[in-house]
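Me: Here's a predicted model I'd like to understand better. Pick one part, go over it closely, and then tell me about the rest in one connected story.

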Amino acid sequence: MRASRLISLVLLLQSRETMTAAELSRELEVSERTVYRDVLALSAAGVPVYADRGRAGGYRLLGGYRTRLTGLTRDEAEALFLTGLPGPAGDLGLADAVASAELKVLAALPPSLRDAPARTGQRFHLDVPGWFHESTPPRWLTELARAVWRDGVVALRYRRGDREVTRRVEAYGLVLKSGTWYLVGRVGDTMRTYRVDRVLDVVADPATFTRDDGFDLGGYWREQAEAFLRDMLAARITVRVSPAGLRRLRFLTDTPFAYEEAVAAAGTPDGQGWVVTRLPVESVEVAYPQLLGLGPEVEVLDPPQLRALLADAAARSAALYGVGPDQAPR
């Protein structure tokens, strides 16, 4: 455990040049006293760790000291190669950079771990795009990636519905979701999201912006995605559903929280185990084909329009099979 922590300490100083004892203690999740002992141990082992005193002081490695990655375990080395996404990296114009980085990491590994990329490639493959989606990257993706890397500003011409809009966007980040790329950027004082495949033109501005260090791209995306889904599923329908129907409902709804909300809202089961609940849906038109998938395991109570649609579908199905109400198989 301590050996792993000492390696982590050296790698932190190698990547950040100077760090205080307090910063190291937070990163390593140990006390400052432990940091002091670890630094002494590294110095005794010949690692040139030095302390600079004063307000801007801290610990640093002398003379550009670098360590080889001999402290990696097999699991760590294989996980390192699993983190690369060749498809998305290529979309961003970084395929050569990723390949070069992997070669450098491979060269730094001890001989016993140099089969890590081969073992990983034999066991895992990440296919990011969703089914039935084109895998060709959007035209302006590489240009937007350059803007993101340099904290750049772009003039964006964008297709919104049946019209075009132009926005001056501070390019904060790119997100890949189910094979679709999205640009997250600030317009004025507001963070906004744009589908990259709807971008019609990009003109890079020489200007750069000062990035908000407190902005969390992952957190922002999670909040926006959930808000989008909740806004999309704004309507509510009331249904009576069987135990089998309630179980199958999980696979027919578009979002997990819709099913969870339906389960939480379910009333007391009747003598046959059926429950009445409210289900979030996008619209009557979208809910209709979804509930058809439950067949006789669901009864719509409200709204009347949706109930009438399903009743008509049931009647037409019975007529198609030549089965009347009194002829249904038991």
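Reply: Let's fix some vocabulary: a residue is buried when its relative accessible area is under 20%, exposed when it is over 50%, and partly exposed in between. Keep in mind that all of this comes from a predicted model.

Start with L62, the part for the close look. L62 sits in the loop that runs between β3 (58-61) and α4 (74-82). Its relative accessible area is 39%, which falls between those two limits, so L62 counts as partly exposed. As for company, leave aside residues up to four places away in sequence, and L62 touches P48 and Y50. A51 makes a handy distance check: from L62 to A51 is 9.8 Å, C-alpha to C-alpha, with their positions 11 residues apart in sequence.

From that loop, move on to the charged pairs. Side chains of opposite charge can pair when their charged atoms come close. The structure holds 13 salt bridges. One of them joins the side chains of R5 and D38, at 2.6 Å from N to O. R5 belongs to helix α1 (residues 2-16) and D38 to helix α3 (residues 32-44), so this pair ties together parts that are 33 residues apart in sequence. What about the two partners, buried or exposed? R5 has a relative accessible area of 17% and is therefore buried. D38 is buried as well, at 1%.

Another set of charges gathers around R240. The side chains of R240 and D270 meet in a salt bridge, 3.3 Å from N to O. This pair links distant parts of the chain, 30 residues apart: R240 is in strand β9 (residues 235-241), while D270 is in the loop between α11 (256-265) and β10 (275-281). R240 also forms a salt bridge with E299, at 3.3 Å, N to O. E299 lies in strand β11 (residues 298-302) and R240 in β9, so here the parts tied together are 59 residues apart in sequence. R240, D270, E299 and R307 are linked in a network of salt bridges. On accessibility, R240 has 25% and counts as partly exposed. D270 is partly exposed at 30%, and E299 is partly exposed at 25%.

The strands that carry R240 and E299 take you to the sheet. It is an open sheet of 3 strands in the order β10-β9-β11, with antiparallel pairing. β10 and β11 stand at the edges with a single partner strand each, so one side of each has no neighbour in the sheet. From one strand to the next, the twist averages 40°. Between β9 and β10 the antiparallel pairing runs over 7 bridges, and I237 stands opposite L279 in β10.

That leaves the empty space. Rolling a probe the size of a water molecule over the atoms shows where empty space is left. The largest pocket holds about 620 Å³ of space. It is lined by 21 residues, of which Y182, T193, R195, W221 and F228 are the closest to its centre. Elements giving two or more residues to that lining are β4 (152-160), β6 (180-187), β7 (190-195) and α9 (217-232). Which one gives the most? That would be α9, with 8 residues.

Key: Residues numbered from 1 in each chain as written. Predicted model: local features only at pLDDT ≥ 70, side-chain atom pairs only at ≥ 80, totals over all residues. Heavy atoms only, no water. Helix = DSSP H or I, 4+ residues; strand = E, 2+ residues; numbered from the N terminus. Buried < 20%, exposed > 50% of the residue type's maximum accessible area, 1.4 Å probe, protein only. Contact = heavy atoms within 4.5 Å. Salt bridge = Lys/Arg side-chain N within 4 Å of Asp/Glu carboxyl O. Pairing = 2+ DSSP bridges. Axes fitted to C-alpha atoms, helices over the stretch in contact; angles between N-to-C directions. 1 Å grid on protein atoms, 1.4 Å probe; cavity = no way out; pocket = protein on both sides within 12 Å on 5 of 7 lines; lining within 4 Å. Points joined across faces, edges and corners; volume = space filled by probe spheres on them.
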